[in-house]
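Visitor: I would like to go through this structure with you, one topic at a time. Could we begin with the terms and then turn to the cysteines?

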Amino acid sequence: MGFDPGAWLRDTRLMRARVAAYPAPAPRNDALRFAIVMAPWMGTSVPWFSLVCGLFLAARGNRISFIVDDLPFGSHGLRFRFVVACMRSVLRRLRGHHEVIRLGAQRSDSALSEAERDAVCRLAELNAVWALRGEMSESGRAAHLERSVRQLGASHGAIGRVLQGGRFDVVFVPGGVWGSTGLWTSHARARGIRLASYDSGGYGTLMLAADGVACQLQDIPRAFAMLKARPDWGQEHAAVVAAAQAEIGRRRGGVDKFASQMQGSRQRDPRFDGAVLIALNSSWDSAALGLHVVFDDSMQWIVETVRYLLEHTDAPVIVRQHPAERLEIARTSDDYHDLLARHVGSQPRLHFIAADEPVNSYDLLEQVAAVVVYTSTIGIEAAAHGKPVVTASRSYYADLGFVWKAGDLQQYRALLSQAASGGCVVTPAMRDDALCCYYLTQCCNWVFSPFNPEGFSDWSRQDLADLARHVKVQATITSLERNVPVAFLNHLAQIESKEMV
């Protein structure tokens, strides 16, 4: 992505003016203590979104500390230092009102323990997958890992020192996996500090988690429990199911808000009848990073699952590449077809469907006997269609009761055999729960707000006090302050406005 220093300087001057004009009331007696982490984010305007979230929280009487994560990450050192200087220039306007902490001042040369080193190496591996857009490409991987381990190792102790001593109730970060934000996540959780995060959902949307990693939808299990515990759930249930079914229909037709599915599809292929469908994620997507339980990575998961199904069942096996990978924004460097050719070879029962093939995943659900997923949304949709779903991951829906989750390899293989032979029965209650989960994720969790990470050029021109009064911005800040999943807040808003479908 391009980087324009001149534009950044203009934005910095604009933010200095916005910050200086925004009120800073004294904290309430019962104020929550928020640590707002501001980190350079590949030259984007993400730090300004973090800053303004902090100001909006402060305006409600919370105690805010802004933490400048100025310890380098990535290969663009000059750009990183330039953005840090811009951030610090704006934050100087907050002196006397809010605490500003520079992470680099907490750095020391103390060695990491073996466990800390292992954690840093694992996070570096996930960052390499993200940077290289896949798990398979080796070009540049060793250099990326070496640099990331060194940089993350320097940040590890400094982040721990900032968070020690129970200074904060909440840590608010962008991402939660990429760069050092993965360390903020692990340190906060280890200390019992609530970890709130946000991400860009694309298309001018915000993804938010009041407690967890937003891009991995870690607030959804709580929202699911809160939805079903509603006193009026009996009256709301039918509308929730109808809204979910309507959204599935739009997604199946390729006319939903993200249009990930192919709109046209070829004729029914009898070879797919009774098959086991393995629905892939984009391995480099942050939503899928670090969630394997049984396997080390997606390559191992794909190969071992296909091998087992071919050797121990009679079912046809379909490997479906995520259809979004046909789009430039989601393109991957992974070659799944070549992976299977090298490890499994040509097998008459094995069918690979590439992302750009005119096959609608929902048409496949009509034919297959069972579905195997990592974290893909189609796992929810398949259960809603009455198809047994097997997973070996810790996705947000893995423990909600409508899929079969394996905790080890032996259990995983047993579940594969059981699902392929018709031994897993999806009950009406499971289908209903899947629809409720789908409703929360697809109808409620996306925050369509003028205040979002991508929309800086628009919202930064507005008066911040006016922006803060927008109903969607109010919901964002309420979610963070009260620790209520934004999906649940959006459900309440939709019930009140009677705009369920």
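Guide: Certainly. Buried means under 20% relative accessible area, exposed means over 50%, and partly exposed lies in between. Please keep in mind that this is a predicted model.

Visitor: Is Cys436 buried or exposed?

Guide: Cys436 counts as buried, because its relative accessibility is 0%.

Visitor: And how many disulfides are there?

Guide: The count comes to zero disulfides. Cys436 is in no disulfide, and the nearest cysteine sulfur, that of Cys437, is 8.8 Å away. A disulfide requires two cysteine sulfur atoms within 2.5 Å.

Visitor: Why is there no bond for Cys215?

Guide: The closest cysteine sulfur to that of Cys215 belongs to Cys437 and is 16 Å away, which is too far for a bond. Cys215 is also buried, with a relative accessible area of 10%.

Visitor: Let us change topic to Arg251. Where does Arg251 lie?

Guide: Arg251 is part of helix α8, which covers residues 233-252. With a relative accessible area of 11%, Arg251 is buried.

Visitor: What does the side chain of Arg251 contact?

Guide: The Arg251 side chain makes a polar contact with the side chain of Glu381, at 3.2 Å.

Visitor: Now the aromatic residues. How many aromatic pairs are there?

Guide: The count is 18 aromatic pairs. One of them joins Trp8 and Trp48; this pair is tilted, with 5.4 Å centre to centre and 40° between the planes.

Visitor: Which parts of the chain does that pair link?

Guide: The pair links distant parts of the chain: Trp8 sits in helix α1 (residues 5-21) and Trp48 in helix α2 (residues 46-59), 40 residues apart. Both Trp8 and Trp48 are buried.

Visitor: What about Phe451 and Trp459?

Guide: Phe451 and Trp459 form an edge-to-face pair, with 4.9 Å centre to centre and 80° between the planes. Phe451 is buried, as is Trp459.

Visitor: Which residues form the aromatic cluster?

Guide: One aromatic cluster is formed by Tyr22, Phe49, Phe56, Phe172, Tyr198, Phe451, Phe456 and Trp459. The edge-to-face partners Phe451 and Trp459 are thus among its members.

Visitor: One last topic: where does Arg133 lie with respect to Trp130 and Trp284?

Guide: Arg133 lies over the face of Trp130, at 4.6 Å from the ring centre. Arg133 also lies over the face of Trp284, where the distance from the ring centre is 4.1 Å.

Notes
Residues numbered from 1 in each chain as written. Predicted model: local features only at pLDDT ≥ 70, side-chain atom pairs only at ≥ 80, totals over all residues. Heavy atoms only, no water. Buried < 20%, exposed > 50% of the residue type's maximum accessible area, 1.4 Å probe, protein only. Helix = DSSP H or I, 4+ residues; strand = E, 2+ residues; numbered from the N terminus. Polar contact = N/O pair within 3.5 Å; in protein donor to acceptor, adjacent residues only side chain to side chain. Phe/Tyr/Trp six-rings, centres within 6.5 Å; stacked < 30°, edge-to-face > 60°. Lys NZ or Arg CZ within 6 Å of the ring centre and 35° of its normal.
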